[in-house]
Amino acid sequence: MKTKEIIKVVRGLAKSFRVSKGKDFRLKDVDPNNTLEFTKEADKPRAKEALASGVLALADLQDKLYAQDKWAVLLIFQAMDAAGKDGAIKHVMSGINPQGCQVFSFKSPSAEDLDHDYLWRCMKCLPNRGHIGIFNRSYYEEVLVVRVHPEFLAKQKLPPKLVGKEIWSERFEDIRNFEQYLGRNGVVVRKFFLHASKKEQKRRFLERIEDTQKNWKFSSNDAAERDFWDHYMQAYEEMIQETATKHAPWYVVPADNKWFTRVVVAAAVIDALADLDLAYPKVDDGKLKELATAKDKLLKK
Ligand code: ATP
Ligand code: MG
């Protein structure tokens with residue numbers, strides 16, 4: 001399939017999971033096991049093929065993004081542990097030119113990070129024009145883990161009179177404004193919440209314990225966070241309600257089936273790039289002359 005045909009197919013798929021207006025969003029309406037019309041056994045190979053075509057289309061679009069050097073694309077991934085962020089990033093970005101892509105993972109903030117406002121460490125990692133930047137976790141942790149565990153907020157060295165009841169709604173407002181600012185500067189923001197069920201997380205943790213090749217991925221701290229599952233889900237729901245906008249939508253992607261998650265993420269990224277009307281820069285008359293002269297010279301020798 002050509003890029004143009006692929007774009008047509010992916011538009012509908014991406015739209016099914018896009019939240020551009022948060023007000024009426026309810027997490028319970030998204031089934032983590034949803035695979036749309038793809039049935040698990042019969043369509044899995046077809047979905048894999050679709051992903052492969054999607055990856056090729058993505059490479060084509062990224063090449064133009066890079067050549068045009070005007071837009072930047074920021075893809076933000078948030079999820080509970082073992083929901084498949086790393087795998088989605090790896091598979092979806094597998095075909096693209098590493099020169100035009102940057103990936104940053106945001107873990108617990110360092111002492112230097114805590115000496116600044118919370119956007120500081122993320123701002124330093126924003127993608128250059130022409131590039132795709134990926135945030136594996138992001139400033140959204142500030143309304144997720146920090147909200148679920150207020151002890152993190154206490155470590156942020158904020159002046160006490162700025163830490164009141166309104167802090168979360170103030171953070172939502174600041175994040176919305178920040179993303180609007182990015183949009184107005186040519187940074188296209190797309191956000192992904194990979195939504196896996198608590199049951200599937202348990203299955204994947206057990207697999208990490210039992211499969212020696214996956215042992216390294218297991219952390220007892222991750223498992224301990226399961227006790228706070230409902231708190232996290234509440235925080236995720238409110239985060240999406242408050243920060244889903246037309247220019248920086250969330251994609252709430254069913255994540256119990258990795259093959260499906262990856263297809264949806266690829267579709268959403270292609271959809272975002274396709275909206276930009278990317279094209280190779282046209283060369284002016286001066287450049288055309290320069291090319292003709294260079295060709296003559298090369299052919300003579
Ligand atoms: P993986 O487990 O696949 O390696 P990960 O993104 O979960 O990937 P970890 O090193 O396990 O990486 O965890 C990073 C931890 O840092 C997460 O638990 C996350 O909630 C936490 N974290 C990220 N940002 C903040 C923040 N601003 N304040 C406090 N904790 C944070
Ligand atoms: Mg982890």
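**Exercise 1. Find which residues of α3 and α12 meet, then describe how the two helices cross.**

*Solution.* Start with the residues themselves: on the α3 side, Gly 87, Ala 88, His 91 and Val 92 touch Arg 262, Val 265 and Ala 266 of α12. Sorted by class, this contact has 4 nonpolar, 2 polar and 1 charged residues. Keep in mind as you work that this is a predicted model.

Next, turn to the geometry. Two packed helices are described by the angle between their axes and the distance between the axes. Here helix α3 covers residues 85–92 and helix α12 covers residues 258–274; their axes come within 9 Å and cross at roughly 55°. That angle makes α3 oblique to α12, because it lies neither under 35 degrees nor in the 65 to 115 range. Finally, the handedness: α3 and α12 make a right-handed crossing.

**Exercise 2. Work out the strand order of the open sheet and say which strands stand at its edges.**

*Solution.* Follow the 6 strands across the sheet, and you get the order β1-β6-β5-β2-β4-β3, with mixed pairing. The edges are held by β1 (18–19) and β3 (101–105); each has a single partner strand, so one side of each lacks a neighbour in the sheet.

Now add the helices. Helix α8 (residues 167–184) packs on the sheet, where it touches β2 (72–79) and β5, and its direction makes about 135° with that of β5. Helix α12 also packs on the sheet, touching β1, β2, β4 (132–136), β5 and β6; the angle between its direction and that of β6 is about 160°.

**Exercise 3. Trace the partners of β6 and decide whether its residues are buried or exposed.**

*Solution.* Take one neighbour at a time. Strand β5 (residues 187–195) runs parallel to strand β6 (residues 250–254), and 5 bridges join them. Among the bridge partners, Lys 191 goes with Trp 250, and Leu 194 goes with Val 253. With β1, the pairing of β6 is antiparallel, over 2 bridges; Arg 18 has Tyr 251 as its bridge partner.

Then look at the side chains. In a regular strand they alternate between the two faces of the sheet. In β6, Trp 250, Val 252 and Pro 254 point one way, while Tyr 251 and Val 253 point the other way. As for burial, 5 of the 5 residues of β6 are buried, so the strand is largely enclosed by the rest of the structure.

**Exercise 4. Locate Ile 7 and list its contacts beyond its neighbours within four places in sequence.**

*Solution.* Begin with its place: Ile 7 sits in helix α1 (residues 3–16). Its relative accessible area is 15%, so Ile 7 is buried, the cut-off being under 20%. Setting aside the neighbours within four places in sequence, Ile 7 is in contact with Ile 270 and Ala 274. Lys 301, by contrast, is 294 residues from Ile 7 in sequence and 45 Å from it in space, C-alpha to C-alpha.

**Exercise 5. Examine phi at Asp 69 and at Asp 277, and give the surroundings of each residue.**

*Solution.* A reminder helps here: most residues other than glycine have a negative phi. Asp 69 has a positive phi of about 60°. This residue lies in the loop between α2 (40–68) and β2, and is partly exposed, with a relative accessible area of 44%.

For Asp 277, phi is also positive, near 50°. Asp 277 belongs to the loop between α12 and α13 (285–300), and its relative accessibility of 66% makes it exposed.

Conventions
Residues are numbered from 1 along each chain as its sequence is written. Chains are lettered from A and ligands numbered from 1 in the order in which they are written. This is a predicted model: local features need pLDDT of at least 70, side-chain atom pairs count only at pLDDT 80 or more; totals for chains, interfaces and linings use all residues. Side-chain values use heavy atoms; hydrogens and water are left out. Axes are lines fitted to C-alpha atoms, for helices over the stretch in contact, and angles run from 0 to 180 degrees between N-to-C directions. Angles under 35 degrees count as roughly parallel, over 145 as roughly antiparallel, 65 to 115 as roughly perpendicular and the rest as oblique. A crossing is left-handed if the near helix is turned anticlockwise from the far one by less than a right angle, and right-handed if clockwise. Contact means heavy atoms within 4.5 Å. Ala, Val, Leu, Ile, Met, Phe, Trp, Tyr, Cys and Pro count as nonpolar, Asp, Glu, Lys and Arg as charged, and the others, Gly among them, as polar. Two strands pair if DSSP finds at least two bridges between them. Buried means under 20% relative accessible area, exposed over 50%, partly exposed in between (1.4 Å probe, protein chains only).
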